[in-house]
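I opened this entry to keep track of what I looked up and in what order. The structure comes first, and my notes follow.

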Amino acid sequence: MTIGILGAGAMARALAKRLVAGGFTVAMSNRRGPTSLTDVVTALGPAVRAATVEQAAAHPIVIVAIPWSQLPSVLGGIRDWHDRIVIDTTNPIEPPHFTVADLEGRTSSEVVSGLVPAARLVKAFNTLTPSVIARDPREGGGHRVIFYCGNDNEAKADVDAVLTACGFAGVDLGDLAAGGRLMQFPGGSLPALNLIKL
Ligand SMILES: NC(=O)c1ccc[n+]([C@@H]2O[C@H](COP(=O)([O-])OP(=O)(O)OC[C@H]3O[C@@H](n4cnc5c(N)ncnc54)[C@H](OP(=O)(O)O)[C@@H]3O)[C@@H](O)[C@H]2O)c1
């Protein structure tokens, strides 16, 4: 199965590495276009190919790994999100000053969900740094925990299967409102918690 990734930075590369190790192929995209990704995809190996944002977003599972400020224009530029599973890795902060976005009382993934109408959104991976995610998730005889949440149980089951194939241990935290609050960065209690499930 090919998984599309919007973004080709630190988070996207870490995820591509783990997805390839889990047996998936990856279509990776960025702002500057596929020709700028030659070195990146070469380094990740033959299971990763460069794509446009539109091509990456056409896959059944699409990972979003771009800066918060870019989400409305990039996600809004995709004509049809129908039935796609969108994995949201983003945090509502913007480098270089890490300004926190005003979410008007919602969780960040509830906001992102509104940008991908008819898609089924699952929040995952945002609580760990790319350097931790890139590491082999099989550690100390167990599996690195990846928290996730979402409002669609089937989509969460599909994401959990991807996590398992990659060697992670998925932990379902419920819906985007309750689970999203625990995973929220900044403010939630789970960011930076690097757990191994035995
Ligand atoms: N880094 C972390 O520690 C961390 C931890 C948890 C969650 N996250 C979240 O992960 C997301 C990505 O962070 P990152 O650290 O990977 O950022 P990054 O290294 O700066 O990479 C950002 C990527 O997004 C692409 N991009 C930017 N604007 C775009 C646009 N308009 N259209 C298409 N692609 C665009 C960039 O394209 P170019 O390559 O063309 O510049 C780049 O590949 C963020 O939302 C962040 O909050 C990051």
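**Strands β10 and β11, and the helix between them**

I began with one bridge: F147 stands opposite V171 in β11. I note that this is a predicted model, in which local features need pLDDT of at least 70, side-chain atom pairs count only at pLDDT 80 or more, and totals for chains, interfaces and linings use all residues. Residues are numbered from 1 along each chain as its sequence is written. Helices (H or I, at least four residues) and strands (E, at least two) are DSSP runs, numbered from the N terminus.

I then looked up the two strands. Strand β10 (residues 142-150) pairs with strand β11 (residues 169-172) in the parallel sense, over 4 bridges. Two strands pair if DSSP finds at least two bridges between them. With α7, the strands β10 and β11 make a right-handed β-α-β unit. A crossover is right-handed if, with the strands pointing away from the viewer, the path from the first strand over the helix to the second runs clockwise.

I checked the length of helix α7 (residues 153-165) next. At 1.5 Å a residue its 13 residues should span 18 Å, and the end C-alpha atoms are 18 Å apart, which agrees. The expected span is 1.5 Å times one less than the number of residues.

Which residues of α7 are buried? They are A155, K156, V159, V162 and L163. I use buried for a residue with 20 or more other C-beta atoms within 10 Å of its own, exposed for 12 or fewer, and partly exposed in between, with C-beta atoms placed from the backbone. Seen down the axis of α7, the buried residues fall within an arc of 115 degrees, so they line one face of the helix. The arc is that of the directions from the helix axis to the C-beta atoms. The face turned away from that buried side carries the exposed residues N153, E154, A157 and A161.

**Strands β1, β2 and β3**

I moved to strand β2 (residues 25-29), which is mostly covered, with 4 of its 5 residues buried. Strand β1 (residues 2-6) runs parallel to β2 and is joined to it by 5 bridges. I found L6 opposite S29 in β2. On β2 I also looked at M28, whose bridge partner in β3 is A50. The pairing of β2 with strand β3 (residues 48-50) is parallel too, over 3 bridges.

Both links between these strands are right-handed β-α-β units: one is made of β1, α1 and β2, and the other of β2, helix α2 (residues 38-44) and β3.

I repeated the length check on α1. Its 12 residues should span 16 Å at 1.5 Å a residue, and the end C-alpha atoms are 17 Å apart, which agrees. α1 is mostly covered, since 9 of its 12 residues are buried. Among them are M11, R13, K17 and R18.

**Around the ligand**

Which element gives the largest share of the shell around the ligand? Helix α1 (residues 10-21) does, with 3 residues. Of the 23 residues around the ligand, G9, M11, N30, R31 and T90 come nearest. A residue is near if its C-beta atom, placed from the backbone, lies within 6 Å of the molecule. I sorted the shell by class and got 11 nonpolar, 10 polar and 2 charged residues. Ala, Val, Leu, Ile, Met, Phe, Trp, Tyr, Cys and Pro count as nonpolar, Asp, Glu, Lys and Arg as charged, and the others, Gly among them, as polar.

**Backbone in the loops**

I went through the loops last. The peptide bond from P95 to P96 is cis, with omega near 5 degrees. P96 is in the loop between β6 (93-94) and β7 (99-100). In the loop between β6 and β7 I also found F98, which has a positive phi of about 55 degrees although it is not a glycine. F98 counts as exposed because it has 9 C-beta neighbours inside 10 Å.

D83 is a residue other than glycine with a positive phi, near 70 degrees. I located D83 in the loop between α4 (71-76) and β5 (85-88). With 10 C-beta neighbours inside 10 Å, D83 counts as exposed.

A cis peptide bond joins F185 and P186, with omega about 0 degrees. P186 is in the loop between α8 (178-183) and β12 (196-197). Q184 has its place in the loop between α8 and β12. Is Q184 buried or exposed? Q184 is buried, with 21 other C-beta atoms within 10 Å.
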